[in-house]
Structure formats: C-alpha cells, structure tokens
Amino acid sequence: MPEVLKEGEAGGKTLPSHTRVVVIGGGVVGCSILFHLAKFGWKDVVLLERDELTSGSSWHAAGQIHTISSDPNISRLQGYTIDLYKEIEETSGQSVGLHMTGGFYLASNKTWYDYLKRERSKARYMGLNQEFISPEELARRHPLIDPKHYLAALWDDQDGDLDPSGATYAFAKAARHHGAQYFTHCGVTETKQRPDGSWDVTTPKGVINAEHIVNCGGLWAREVGHMQGLNIPVQPMEHHYLITEAIPEIAERSERLPCGIDYEANIYFRQERQGMLLGTYEPRGTPWKVDGTPWDFGHELLPPDLDRIADRLELGFDRIPALGRAGIKDMINGPFTFGPDGNPMIGPVPGMTNYWCAVGVMAGFCQGGGVGLTMAEWMIDGEPSIDVWAMDVARFGDWASPDWGTVKSTENYERRFVMTFPNETLPKGRKQKTTALYDRLVAKGAIMDQGFGLEHALWFADGPEDAHEVPSFERNRSFDYVKREVEAVRSDVGAIEIANFAKHEFKGTGARVFLDRVLAGHVPKPGRLTLTPMLTEKGKLYGDLTVACLAEDHFMLFGSGAMQEAHRRWFEARLPDDVAYANVSDDWHGIAISGPKSRDLLQQITRKDVSAETFKFRDLDQCFVGDVPVILNRISFSGESGYEIYCKPQYLIRLSEAIEEAGADLGLRWYGARALMSMRLEKGWGAWALDFRPDFNAVESGLDAFINWKKDFIGKAAAEEQRASGAEKKLVTLVIDVDGIDVSNDEAILRNGEAVGYVSSGGYAHHVGKSVAMGYIPSEMAKDGVELQVEILGEMYDARVQGAPLYDANGANMRA
Ligand SMILES: Cc1cc2nc3c(=O)[nH]c(=O)nc-3n(C[C@H](O)[C@H](O)[C@H](O)COP(=O)(O)OP(=O)(O)OC[C@H]3O[C@@H](n4cnc5c(N)ncnc54)[C@H](O)[C@@H]3O)c2cc1C
C-alpha cells in the first residue's frame with residue numbers, strides 16, 4: 001500500500017460508493033480525460049489522486065508545446081491540445097500561463113533541412129501553419145541565436161509554452177465545472193473486478209465501484225498496472241533542463257522570444273521570465289527506477305548531473321552565445337515516462353474488460369488534450385473519431401516484457417532528436433521474437449526488421465557481409481537487390497516467410513453467424529477463401545482480412561500482424577457463447593511461394609493435385625506439403641499466381657528445405673517485405689495501416705467492392721449512407737515523374753499548388769519501372785490521367801492518376 005496517503009476526508013468530501021468511471025492519477029493526462037468525459041456528457045466520473053494534483057512528472061515539465069510529431073494524427077491532436085488551453089482557462093478561471101510565441105525547428109545541415117521539408121509537406125495538407133524562414137529572418141525573430149549555424153528554419157505559429165501546474169489544475173477545475181469530481185490524498189491501493197465486469201477500487205477512504213477504470217498513473221503506471229497483473233512496458237527516464245539568470249538582451253525586450261528546437265545540437269529552448277530555459281535529450285539516457293517507482297516519491301527532483309549534458313550545453317552556448325554568458329539559476333533533473341516507440345499507450349487493454357489506460361505520455365502538455373479527447377470518444381462513442389493506431393495500447397503484446405520496455409524506451413529517449421530515415425531499422429531490443437528460419441535467412445544476407453516483436457526479412461543482400469542498409473531519404477543500396485527479388489517472382493518463383501501475418505481462429509456452431517455479422521464481406525464455404533473489410537459502427541475500416549473456411553464450424557482469419565491484439569480485443573468484445581476464439585498467430589508460421597513457376601514447385605512437394613483446374617484461385621486445403629501438415633491457401637499478395645503455406649512452427653525448417661530443394665532448378669529466390677510492397681503497388685492494392693485504416697471508409701478505399709450488401713453486418717447502416725452520398729475522397733494510384741527518389745509516406749498531393757490530398761504509401765514499382773504513390777484525393781480528381789503534383793523533399797513532381805493496375809490489369813496471371 002502506498003505510504004504517502006494521508007488521513008482525513010478525501011478532498012474534503014465523501015467518496016461516492018459508485019461511479020461510471022474512476023480515473024487513477026491526477027497528472028495532466030488524468031485531468032484531461034476527466035474533463036473530456038464530463039464535457040461530453042459523462043458527468044458521473046471521479047478522479048483519484050494519491051497526493052496533490054501534479055504529483056508525478058507534470059509539475060516539473062518545461063512546459064514547451066508544439067504540433068510536430070512523426071505521426072500526422074498525433075500532430076492533429078497536438079494542434080487540438082494547444083487550441084484547447086484557452087477554453088479550459090476560461091471555463092476554470094485558472095490561468096495556464098500560455099505564451100503563444102511561435103517557434104522554429106532549425107535546419108543546421110542538408111539532412112535536417114530535408115527532414116523539415118518532409119514535415120512541411122505533411123503540415124501543408126493538414127492545414128497547419130508552417131513556413132520556412134531564412135537565417136536572416138531567424139535572427140530578426142530571435143536576436144540571441146547565431147544564424148551562421150543554420151541553412152533555414154521551419155516556423156510554426158502554434159508553438160509556445162505554458163505553466164504545467166496551471167494547465168493541469170485548469171483541466172481539473174474545468175472538469176469539475178462540467179460535473180466531474182476529483183479527490184486528492186486518495187491513492188488507489190487495489191483494483192478488483194467483479195463478475196459483472198465492474199471494478200471495486202480500494203482507497204484508504206473507502207471502496208468505489210466503477211463501471212470503468214482508467215490507469216493514468218504516469219510515473220506509477222507500471223505499479224497501477226501490477227495491481228491487476230498487467231505489465232506495461234514503459235520506463236521513467238531522467239531528463240535535464242536548466243534555467244538561466246536574467247539575460248540583459250531579454251530584459252530589454254518588450255516582446256517574448258519564440259521557442260525552438262535544434263535537432264543536431266539536441267537542444268530545445270525558450271524564454272523563461274527574463275532568462276532562458278534550455279533542455280536536452282542526452283545521447284546516453286538514464287532510466288530511472290527500473291524496478292519500480294517508489295510510492296513515497298512526490299514533489300521531488302533528482303540530483304542534477306551536469307557532466308552528462310555538458311557537451312550539449314557547449315553546443316547550445318555556441319548557437320545561442322548569450323546563454324554561455326548567463327549564470328545558471330536552476331538545474332532541473334526530473335523523471336518522466338517514455339514508451340517503447342515514444343508514443344502514448346492509450347485505450348482499452350486487450351484481454352481485459354472495462355480496463356483502460358493512458359500511459360507513457362511523454363509530451364503531456366502537447367498531447368494531453370488530444371489523449372483526453374480520444375479516450376472520451378472511445379469510452380462514450382465506442383470508437384475514436386480519427387485513427388489513433390500510433391497511440392493504441394494494443395500495438396504491443398505479451399512479448400513486450402519489462403526489460404524490452406526499458407531498452408526500447410531508453411533508445412527512444414536517446415533518439416528523441418535523432419533522425420530516423422524511412423529505410424532505417426532501430427537496433428535495440430531485437431530478436432525478441434524469431435522463427436526457426438531466422439539464422440538461415442540472416443546467413444543468406446537478410447536485412448531484418450521487427451514487427452509486433454517478430455523479426456522478418458526486408459530484403460536480401462549478397463550474404464551476411466554485404467547485409468547493411470545506408471539510411472537515406474533517397475533510393476538506397478537496397479534498390480537493385482529488391483529489383484532482383486521482384487524479377488524472380490515475376491518471371492520464376494520467389495519464397496517469403498509469412499509468420500508475421502496474424503491468424504485468428506474461430507470454432508463452434510455459431511462461428512459462421514458471428515463472422516457474418518462482424519465482417520462486411522462474404523464468409524466462404526468450406527475449402528474456400530474470401531477477402532473482406534471489417535467496419536466499425538461508423539462505417540470506418542477496422543480490418544482487411546482473408547477468411548478461410550476450414551470446416552462449416554471452423555474458420556481462420558489472416559490479417560495485419562501488427563493489429564493482432566487490436567483485432568483480438570475487437571472480436572472478444574463481441575463474442576457470443578457458441579463461438580470459441582483464439583489469436584493463434586504464434587501457432588502458425590509459414591512460407592508463401594509466388595510466381596509463374598510456383599505451381600511446378602508446389603506439385604513437386606505435395607501429393608495433392610494442385611493443377612489449375614483442381615486447385616483454383618482462392619481454394620484452400622489442409623494437406624501435406626514438403627512432408628509436413630499445412631493449411632494451403634491459393635492466394636498471393638504479390639499479384640502472381642501463388643500459395644500461402646502455413647505450418648506449425650516445429651515444421652518450418654522441414655518445409656523450407658523442401659521448398660528450397662524443389663525450387664533449385666526453377667530459379668527460386670527468397671524475397672522480403674520490400675519486394676512484396678513493390679509488387680502490390682503495381683497491382684494498386686492498398687496495405688493495412690497505410691492505405692487502409694480507420695481514417696477511411698469502405699467506399700473511399702474501394703474495399704466496398706468486397707462488401708456483401710445483402711446481409712446485415714456491423715457498420716452497414718453507416719456504409720450504406722456513405723455509398724448513397726458518395727465518397728468525397730478516393731484512394732488512387734499515382735505515377736510520379738521522378739528519378740532517384742520515391743515517396744515514403746505523408747507527402748502532400750497538390751493541384752495547381754494547392755494541397756488536395758496526401759500520400760498514404762508508395763515507392764518504386766520495380767517490374768513496371770515506375771515511381772508510384774497511393775493516396776486519397778477528392779473524388780472528382782480520381783480519374784485516369786488527371787494531372788497532379790507530389791511534393792518530395794520540397795520539390796514538386798508531376799504525377800498522373802493511374803486508372804487500371806500497372807501490372808496484370810485483369811488478374812489473368814494471378815488466376816492462372
Ligand atoms: C524535466 C521534464 C521536462 C518536461 N518538459 C515537457 C515539455 O516541455 N512539454 C511537454 O509536453 N511535456 C514535458 N514533459 C513531460 C510531461 O511532464 C509528462 O508528459 C506529463 O507530466 C505526463 O503526465 P501524466 O499525467 O501522464 O503523469 P504524471 O504527471 O506522472 O501523473 C501521474 C499522477 O498519478 C498519480 N498516481 C499514481 N499512482 C496513483 C494511485 N495508485 N492512486 C492515485 N493516484 C496515483 C500520481 O501521484 C501523479 O500525480 C517534461 C517532463 C520532465 C520530467
């Protein structure tokens with residue numbers, strides 16, 4: 001039990017015995033969630049704080065706010081958060097000490113300039129107000145900066161700073177204004193679920209029964225999770241910033257200086273009273289309290305360690321010379337919590353009912369409002385209004401152990417201001433999950449990446465000595481190798497490991513009825529496969545799945561590996577008694593073979609007759625291939641005739657050896673995810689998490705072609721309405737006139753200089769030899785041959801809408 005809990009009536013009031021929601025933790029995140037729930041109509045909600053509000057990391061934050069984020073929807077939510085401060089100040093009467101000074105991101109070399117050009121392109125479509133300014137203009141807006149270090153700066157109007165405690169209290173008081181309650185000195189010591197799914201939340205002041213609980217424990221998120229046996233892979237990190245004495249040049253100014261970030265120097269800075277605040281993410285991060293945050297930690301700071309950040313300060317003094325002349329008034333070293341990829345972990349926890357979390361929010365004052373909004377929408381409406389996959393707690397699974405969480409969170413802290421290129425894979429926490437083929441593929445030269453904890457091949461170099469990536473925004477050394485893989489599949493046969501696809505198994509008399517309701521498309525007959533979208537109640541895409549009917553009462557669904565826990569959560573929340581469900585992704589590994597010679601290869605290693613007449617496109621069978629029991633699907637994401645062969649993990653080596661042996665005379669080549677993505681681009685097929693995601697509906701994405709409109713299904717009413725009113729935007733393929741560089745993601749699509757859409761995915765289509773992007777544009781422009789432009793690293797390139805697929809337009813090869 002936390003020892004810091006004080007006696008006396010909590011908050012001067014008596015705790016209610018029942019409430020709809022208990023929010024655990026009164027930092028900025030918990031208070032924002034409380035505010036949003038109450039504002040949107042759930043008045044009967046209670047926040048419990050073990051000490052005073054802001055007793056975690058919230059009180060000692062630097063208070064800097066900005067919209068920039070690697071994920072566009074998180075940027076949107078950061079914009080929302082910043083706009084919200086005025087409202088909560090007015091509603092609560094509590095000052096948040098907001099200074100909207102504007103701010104800039106400094107380009108000290110070409111690479112950072114390129115990076116910022118990509119950010120600018122993203123912001124263009126999102127309608128965020130960002131512009132490049134010259135070094136001279138930079139010096140005019142911030143006379144203390146030495147402009148000689150910079151090529152340019154990206155200016156953002158929506159940057160500024162605030163008072164962290166004021167902002168947290170403003171959320172809490174505004175929540176109370178809307179009818180919510182909060183209790184301080186009322187720590188939660190136990191959470192226990194009743195059979196009806198509600199929670200008994202124990203405090204020294206009594207027990208509250210709540211329909212839902214939300215873990216907003218911040219620095220104690222792990223400990224609050226442990227009360228329920230839940231492991232949350234976040235890690236508090238030590239973090240320094242300093243505040244200078246008054247600087248004469250600032251004291252003389254009437255206007256407040258803008259804030260800024262210099263990525264290369266790894267510093268952020270802003271005006272603080274008449275001095276400056278300077279913070280840094282040092283290259284060797286220091287995890288704090290790896291074994292758990294003590295309950296008696298409160299409004300305390302950690303001993304500063306100047307040596308740790310001295311080299312960064314030097315750089316700071318170089319770039320802002322007045323800083324070097326000023327005395328240091330205060331040195332703050334405080335802990336705050338990071339998640340493995342630096343983004344928050346929010347939403348309903350898979351495998352649990354009515355247990356929510358909003359933890360690992362490392363930029364609470366930029367993101368807290370957006371997290372509160374999203375959580376309230378999710379709880380009240382059943383789904384967030386925009387795709388929040390980048391923040392969804394379900395993007396991690398059981399494999400995300402405490403040690404892995406610490407290693408990756410530390411890596412993320414250290415890389416906070418370090419460039420990550422589109423083709424770059426991060427080194428820490430690797431080999432967390434591997435298949436039996438891992439060493440063999442690496443020995444062949446595989447460059448591996450990690451997805452949902454599992455290693456998979458991106459592309460194959462010429463042996464292990466040759467296997468390295470050169471991080472770049474431009475076409476890179478993998479280009480020729482990937483081309484070679486694509487050509488092998490298009491002309492002979494290729495093999496790719498497919499353990500990383502998710503597999504969901506449904507058994508029971510009610511399985512067909514259940515799937516018919518949950519999936520929008522056709523549920524196949526025994527021995528057949530179908531493709532289907534899965535929709536939310538609001539008609540948004542929530543899955544793009546292959547359904548295999550193994551028997552009348554036995555189905556397997558194949559889908560996005562990354563989404564497997566999110567889909568498990570979705571299925572389990574709706575599961576009737578007569579259906580047994582399991583996420584069996586780890587129980588089935590496998591290999592796909594594709595290409596014109598794939599049938600020859602397959603026939604050599606199975607007694608089953610796999611001739612085109614007998615084993616047709618979208619047939620499946622449970623049989624023996626390569627002497628091992630498999631599920632054999634006649635389907636391929638490469639656009640060629642091909643087969644997915646799934647086996648139990650213990651058979652994978654045997655299967656792979658059989659394939660390699662039979663393929664030796666057929667030109668067999670192993671290929672990786674890059675080649676697969678290139679091939680699906682030339683077929684015009686979208687990919688989950690990029691082109692297909694809950695930001696779009698079936699009509700916009702074209703997945704309505706797979707809907708069975710004759711039946712009832714989740715999201716049907718909304719989908720019918722969307723179909724009747726017509727889509728405002730449509731997913732298209734664009735061919736870009738460009739050489740040496742391709743899109744990666746999120747670039748603006750323009751018409752006559754005006755942003756009309758953005759790139760959802762793209763790259764080089766090696767077989768057809770074209771640079772290709774997919775993206776959503778207004779429906780009236782989504783016609784073959786319409787001329788548009790795509791912005792890549794600040795340059796505008798001509799692009800044309802491609803009507804028919806670039807390769808095998810009528811699907812003859814695929815069905816052959
Ligand atoms: C030095 C430093 C500088 C920073 N600068 C910035 C910045 O410039 N901009 C920015 O956006 N962010 C910044 N941050 C990060 C920001 O402070 C955090 O993102 C934010 O505070 C996270 O808020 P939270 O509500 O999730 O967690 P916390 O603030 O840690 O709050 C958690 C709360 O839960 C309570 N609690 C825990 N367990 C229980 C329990 N069992 N029962 C009841 N209550 C419980 C705690 O007492 C605490 O009050 C900075 C952080 C640090 C350390």
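**Ligand shell and barrel**

Visitor: How do the residues around the ligand split by class?
Guide: The shell has 21 nonpolar, 16 polar and 2 charged residues. A residue belongs to it if one of its heavy atoms lies within 4 Å of the ligand; Asp, Glu, Lys and Arg count as charged, Ala, Val, Leu, Ile, Met, Phe, Trp, Tyr, Cys and Pro as nonpolar, and the others, Gly among them, as polar. This is a predicted model, where local features need pLDDT of at least 70, side-chain atom pairs count only at pLDDT 80 or more, and totals for chains, interfaces and linings use all residues. Numbering starts from 1 along each chain as its sequence is written, and side-chain values use heavy atoms, without hydrogens or water.

Visitor: Which residues come nearest?
Guide: Glu 49, Arg 50, Ser 58, Val 361 and Gly 364, out of 39 around the ligand.

Visitor: And which elements each supply at least two shell residues?
Guide: α1 (28-39), β12 (235-244), β16 (328-338) and α10 (364-381). Helices (H or I, at least four residues) and strands (E, at least two) are DSSP runs, numbered from the N terminus.

Visitor: How far is a polar backbone atom of Ser 57 from a ligand oxygen?
Guide: The distance is 3.0 Å. For Gln 64, a backbone N or O atom lies 2.8 Å from a ligand oxygen.

Visitor: New topic: how many strands are in the closed barrel?
Guide: The barrel has 6, in the order β32-β35-β34-β33-β36-β37, paired antiparallel. Pairing takes at least two DSSP bridges.

Visitor: How many bridges join β36 to β37?
Guide: There are 6 between β36 (787-792) and β37 (795-802). Glu 787 has Arg 800 in β37 as its bridge partner.

How values were computed:
Polar contact = N/O pair within 3.5 Å; in protein donor to acceptor, adjacent residues only side chain to side chain.
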